[in-house]
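Please open the model in your viewer and keep the sequence panel visible beside it. The tour proceeds by selections, and each stop states what is to be found there.

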Amino acid sequence: AEYAAETLCGLGLAFEAFSEQVGRASTFKMLRSVFSKGLEVILIEMLIAGEKVGIADELWNDITAFMDAKAFGTIAANWITSHAVAHERRYHEMQQVRETLLSLSVDPLLTQATESFFERSGTLGLEHLFDEKPSEWKAVVVAMMQALEGGRETSDG
């Protein structure tokens with residue numbers, strides 16, 4: 001990796017070695033795609049519905065202004081930390097969002113996945129782990145990972 005980085009940088013390309021461990025860079029790229037491709041598709045799903053009711057431009061302007069107003073790290077950390085205490089309310093909201101999309105004849109593929117994710121979060125016992133919104137995003141991620149790996153998820157949730 002270092003040799004490749006030196007060689008490619010020597011040719012004028014911007015290249016940085018990620019890891020000496022084989023497969024680590026490609027795993028990083030695949031996992032990062034969860035975010036980038038997922039966000040791409042959720043935006044398209046929302047904008048199709050918006051276009052059907054004539055508010056796609058307003059949605060676009062609102063979302064881009066929201067994302068431009070604060071650093072993404074601040075926004076993302078808030079989403080994750082508040083997930084620990086707001087997942088149930090968000091689950092019910094996503095049920096309503098799914099119904100809205102269906103009423104517009106928009107297939108709610110990503111919305112259903114989001115609804116399912118929030119529903120699953122309700123089965124993990126997060127309310128016993130977090131009395132209030134944690135200060136660090138990683139606390140939520142680790143708690144969820146441990147709950148999922150520990151089998152505390154119920155099948156009836």
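**Stop 1: F72 and the nonpolar patch**

Select F72 to begin. In this predicted model, F72 has a relative accessibility of 37%. Is such a residue buried, exposed or partly exposed? The limits settle the matter: buried means under 20% relative accessible area and exposed means over 50%, with partly exposed in between. F72 is therefore counted as partly exposed. Its place in the fold is helix α4, which covers residues 72-103.

Now extend the selection to F35, L39, F66, F72, W79, I80, W137 and V141, and display the surface. Together these residues form a nonpolar patch on the surface, with an accessible area of about 730 Å². Which helices supply at least two residues each to the patch? They are α2 (24-53), α4 (72-103) and α7 (137-149). Colour these three helices separately, and note that α4 provides the largest share, namely three residues.

**Stop 2: the largest pocket**

Next, select L39, I42, W79, T114 and F118. The largest pocket of the model has a volume of about 1900 Å³, and these five residues are the closest to its centre among the 43 that line it. The elements that contribute two or more residues to this lining are α2, α3 (56-69), α4, α5 (109-121) and α7. Displaying these helices together will show how the wall of the largest pocket is assembled from them.

How is the lining divided by class? It holds 32 nonpolar, seven polar and four charged residues. L39 and W79 link this stop to the previous one: both belong to the nonpolar patch, and both are among the residues closest to the centre of the largest pocket.

**Stop 3: the second largest pocket**

Select H87, E88, R89, G122 and E127. These residues lie nearest the centre of the second largest pocket, which is lined by 13 residues. The space within the second largest pocket amounts to about 160 Å³. Two helices, α4 and α5, each supply at least two residues of its lining. Helix α4 gives the most, with eight residues. By class, the lining of the second largest pocket has six nonpolar, three polar and four charged residues.

**Stop 4: a salt bridge within one helix**

Keep R89 selected and add E93. R89 and E93 form a salt bridge, in which the closest N and O atoms are 3.6 Å apart. Both residues lie in helix α4, four residues apart, which corresponds to about one turn of the helix. E93 has a relative accessibility of 39% and so counts as partly exposed. How many salt bridges are there in total? The count comes to three, and the next stop presents further examples.

**Stop 5: a network of salt bridges**

Select R98, E99 and E115, and show their side chains. These three residues are linked in a network of salt bridges. Examine first the pair R98 and E99, whose closest N and O atoms are 2.7 Å apart. E99 is partly exposed, with a relative accessible area of 44%. R98, at 16% relative accessibility, counts as buried because that value falls under the limit of 20%.

Then turn to R98 and E115, whose side chains meet in a salt bridge with an N to O distance of 2.4 Å. R98 lies in helix α4 and E115 in helix α5, so this pair ties together parts that are 17 residues apart in sequence. Both R98 and E115 are buried.

**Stop 6: two distances to check**

Select Q95, which is in helix α4. Q95 is partly exposed, with a relative accessible area of 25%. Draw a line from its C-alpha atom to that of E119: the two residues are 24 residues apart in sequence and 9.8 Å apart in space.

Finally, select S105. Where does S105 lie? It is found in the loop between α4 and α5. S105 has a positive phi of about 60° although it is not a glycine. With a relative accessible area of 59%, S105 counts as exposed. Draw the last line from S105 to A143: their C-alpha atoms are separated by 37 Å, while the residues are 38 apart along the chain.

Key:
Residues are numbered from 1 along each chain as its sequence is written. This is a predicted model: local features need pLDDT of at least 70, side-chain atom pairs count only at pLDDT 80 or more; totals for chains, interfaces and linings use all residues. Side-chain values use heavy atoms; hydrogens and water are left out. Patches are made of residues with over 30% relative accessible area and no salt bridge: like charges are joined within 9 Å, nonpolar side chains (Val, Leu, Ile, Met, Phe, Trp, Tyr) within 5 Å. Accessible areas come from the Shrake-Rupley method with a 1.4 Å probe; for residues, only the protein chains shown count as cover. A salt bridge is a side-chain nitrogen of Lys or Arg within 4 Å of a carboxyl oxygen of Asp or Glu. Buried means under 20% relative accessible area, exposed over 50%, partly exposed in between (1.4 Å probe, protein chains only). On a 1 Å grid over the protein atoms alone, a cavity is a set of points where a 1.4 Å probe fits but cannot get out, and a pocket is an open set with protein on both sides within 12 Å along at least five of seven lines; lining residues have an atom within 4 Å of a point. Grid points are joined across faces, edges and corners, and a volume is the space filled by probe spheres set on the points. Ala, Val, Leu, Ile, Met, Phe, Trp, Tyr, Cys and Pro count as nonpolar, Asp, Glu, Lys and Arg as charged, and the others, Gly among them, as polar.
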